[in-house]
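Good morning, everyone. Please pull up the sequence and the structure, and keep both in view while I talk.

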Amino acid sequence: MMVREEKLGLKELIAIGVGGMIGGGIFSVLGVAVGFAGNGAPLSFFIDMLIALAAGYHYVKLALTFRDDGASYTYLKKAFPDKPSIAAVEGWIVIIGYVGTLALYAFTFGAYGADLFGLSDSLFLRIVLSVGMLLFFFFINLKGVRTSGLTEDIIVYTKIAILAGFAFIGLLNVDKDRFVPFLNKGVSPVFLGAAVIFVAYEGFQLITNAVRETDNPDKNIPRGIYGSILITGLIYITLAVVAVGALSYDQLIRAKEYALAAVAEPILGSFGKVLISLAALMATSSAVNSTLFGASRMMAEMAEEKIMPPFLGKRDRAGVPFIALAVMTFFAILFTAAGTLSVIAEFSSITFLLVSIGVSLANIRLKDKTKARIDVAILGLILMCITVATILVYLAFSNLEELVTIMLIYFAVTCLFFFYKKIYHLES
C-alpha cells in the first residue's frame, strides 16, 4: 500500500510566513516607527507592506523556477555562475542578518520581561533576560530538541488571535483627535520610519524554503507569500493606528522598547498589559528558537560547501551543528548586550533589504527563466534601493556613529570572507 506523503497547504504556508514576520518585530519597532513618523506611523507600516510585496514578487518567481532550494544564496549562484564570490558574500550577509534578528528578538524579550517585572528602566535586568533567553534556546537546540510543526502552528495562530483581538478592541477606543495633524512630523519622516522598521516584515522568505514540500506550489507559494504579507501588514497598520490613537507621542517614546504593552494598559487595564507582554515573550521565544535552528544549519551547510570555514560544519551524533550554533549565539549575545534598539533595528533592516536587492538582481538577470515582468521587477528593485539609501542618508546626517558601526560590521565580514577565500583558494 502506497503511503501518501504529507504536503504543506496554504494554511501551513500562511503560518510559516506570518510566524516569521510577527516574531518580535511589531513588539519592538512600533515605538521606533512612532519616534520617526509621529502620527504617520501607520503609513510607515503600509509603505513597508508595499516594499515587502515587491520583494515577495522576486522570491515567488525564483522559488517556482528553482525548486531544489529556496535560499537566496542559491538564486545568486544560479544568476552569477561564473562569479561564485557574489553568492558567497551574500550568504555571509544573510548569516549576519540572522544574528541581527536574533539580537532584536532577544532585546525585545528582555525589554518586555523587565517591564513585566515592573523594572522597565533596569538595563541590567534587560540584558540578563536577553542573554538568558539566548542561552536557554542555545542549549535547547544543542540537545536537538525543536518544537513540532503542530505546536508552531498553535503558537503562530495564538499570536495572530491575541494581536487581532486587541487591535479590534483598540479601534473602538481610538481618540481621533490624536491624529490631528496626521503628518505632524512631515512627509519624509514617514518614509524614513518605513525604511528603519522594514525588519518587521522579514520572515516571509521562509516560505520559499518549503517549496518542495508544498501541495500545488504554483498556486500556494504565491498565495502564501502575498497572503502572509497582507495579513501581517493589516495587523501592523491597525496596531499602529491603535497606538497613536491611545497614547500621546511622549508616552509612546518613553515606552519605545515595550510600546505595545504600554498601549494595551489604558485600553484593557493591567490584564491587557500582561497579555500583550506574554504574547511578546512567546513570540520572541518562538522566533529565537526557530531562527537558531534554521540559521545554524544554513551556516553548517555553507561550511560543508566550503563557503564558510569547514569547522563550522561539524555536527554531533544527533546531527546538531554545535559549533555553528555556538557562534550564532555568541555574536547575538554580543549584539543584544552592547547595541541599542535603534542600531539593531537599522542594521537588521539594511541587511535584509540588501539581501532582497540581491534576490531582485538575480530575478532580473534570470528573467527569461523565471518569466518575470521586467517592469514590475525593476520597480521593486528601485523601491528597495531608495529605502536603503534613505536609511544611509539619514544616519550620515543625524547619527554618523551608528552608520560607522554598521558599515564596520559589513567591512569586517567582507574582509573575513576574502581572507578566508585566499586561505582556502576559493574561486572568484
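Which residue lies over the face of phenylalanine 107? Arginine 126 does, at 3.9 Å from the ring centre. Keep in mind that this is a predicted model.

Now to the core. The largest nonpolar core has 152 residues. Phe27 and Phe45 have the most contacts inside it. Helix 11, residues 259-304, gives the largest share of this core, 20 residues.

Take phenylalanine 45. Leaving out residues up to four places away in sequence, phenylalanine 45 touches Ile26, Val29, Leu30, Ala33, Ile197, Tyr201, Tyr236, Ile237 and Ala240. Remember Tyr201 and Tyr236 from that list. They come back shortly.

Next, helix 2. It runs over residues 25-37. Buried or exposed? Helix 2 is mostly covered, with 12 of its 13 residues buried. Among the buried ones are Ile26, Phe27, Val29, Leu30 and Ala33. Ile26, Val29, Leu30 and Ala33 are also touched by phenylalanine 45.

Is helix 2 straight in length terms, and how would we judge that? What span should its 13 residues have at 1.5 Å a residue? The expected span is 18 Å, and the end C-alpha atoms are 17 Å apart, so the two agree. Right after helix 2 comes glycine 38, with a positive phi near 60 degrees.

Now compare helix 11. How far would a straight helix of 46 residues span? At 1.5 Å a residue, 68 Å. Helix 11 spans only 42 Å between its end C-alpha atoms. Look at leucine 268. Helix 11 bends there by about 145 degrees. Just after the helix, lysine 306 takes a positive phi of about 65 degrees.

Two residues in helix 11 deserve a stop. The first stop is valine 263, which lies in this helix. Its relative accessible area is 0%, so valine 263 is buried. What does valine 263 touch? Not counting residues up to four places away in sequence, the contacts are Phe166, Val242, Ala243, Ala246, Leu247 and Leu252. Valine 263 and leucine 252 are 11 residues apart along the chain, and their C-alpha atoms are separated by 7.8 Å.

The next stop is serine 285, also in helix 11. Its relative accessibility is 14%, and buried means under 20%, so serine 285 counts as buried. With the same sequence neighbours left out, up to four places away, serine 285 touches Phe109, Met133 and Phe137.

On to the rings. How many aromatic pairs does a search of the whole structure find? The search finds 15. One of them joins phenylalanine 138 and phenylalanine 139. That pair is edge-to-face, 5.1 Å centre to centre, with 65 degrees between the planes. Phenylalanine 138 counts as buried, at 12% relative accessibility. Phenylalanine 139 is partly exposed, with a relative accessible area of 47%.

Another edge-to-face pair is tyrosine 201 with tyrosine 236. The centres are 5.2 Å apart, and the planes make 80 degrees. Why does this pair tie together parts that are 35 residues apart in sequence? Because tyrosine 201 lies in the loop between helix 8 (188-196) and helix 9 (217-246), while tyrosine 236 lies in helix 9. Tyrosine 201 and tyrosine 236 are both buried. And phenylalanine 45 touches both.

There is a cluster too. Ring pairs link Trp92, Phe417, Phe418 and Tyr420.

Last topic: the backbone in the loops. Where is proline 181? In the loop between helix 7 (149-171) and helix 8. The peptide bond from valine 180 to proline 181 is cis, with omega near -5 degrees.

Asparagine 216 sits in the loop between helix 8 and helix 9. Its phi is near 50 degrees, a positive value in a residue other than glycine. Asparagine 216 counts as partly exposed, at 37% relative accessibility.

Lysine 371 is in the loop between helix 14 (367-370) and helix 15 (374-398). Phi of lysine 371 is positive as well, near 60 degrees. Buried or exposed? Lysine 371 counts as exposed, at 63% relative accessibility.

To close, go back to helix 11 on your screen and find leucine 268, where the helix bends by about 145 degrees.

Conventions: Residues are numbered from 1 along each chain as its sequence is written. This is a predicted model: local features need pLDDT of at least 70, side-chain atom pairs count only at pLDDT 80 or more; totals for chains, interfaces and linings use all residues. Side-chain values use heavy atoms; hydrogens and water are left out. A nonpolar core is a set of buried Ala, Val, Leu, Ile, Met, Phe, Trp, Tyr and Cys residues joined through side-chain atoms within 4.5 Å. Buried means under 20% relative accessible area, exposed over 50%, partly exposed in between (1.4 Å probe, protein chains only). Helices (H or I, at least four residues) and strands (E, at least two) are DSSP runs, numbered from the N terminus. Contact means heavy atoms within 4.5 Å. The expected span of a helix is 1.5 Å times one less than its number of residues. The bend at a residue is the angle between axes fitted to the seven residues ending there and the seven starting there. Rings of Phe, Tyr and Trp (its six-membered ring) pair if their centres lie within 6.5 Å; planes under 30 degrees apart count as stacked, over 60 as edge-to-face and the rest as tilted. A charge sits over a ring if NZ of Lys or CZ of Arg is within 6 Å of the ring centre and within 35 degrees of the ring normal.
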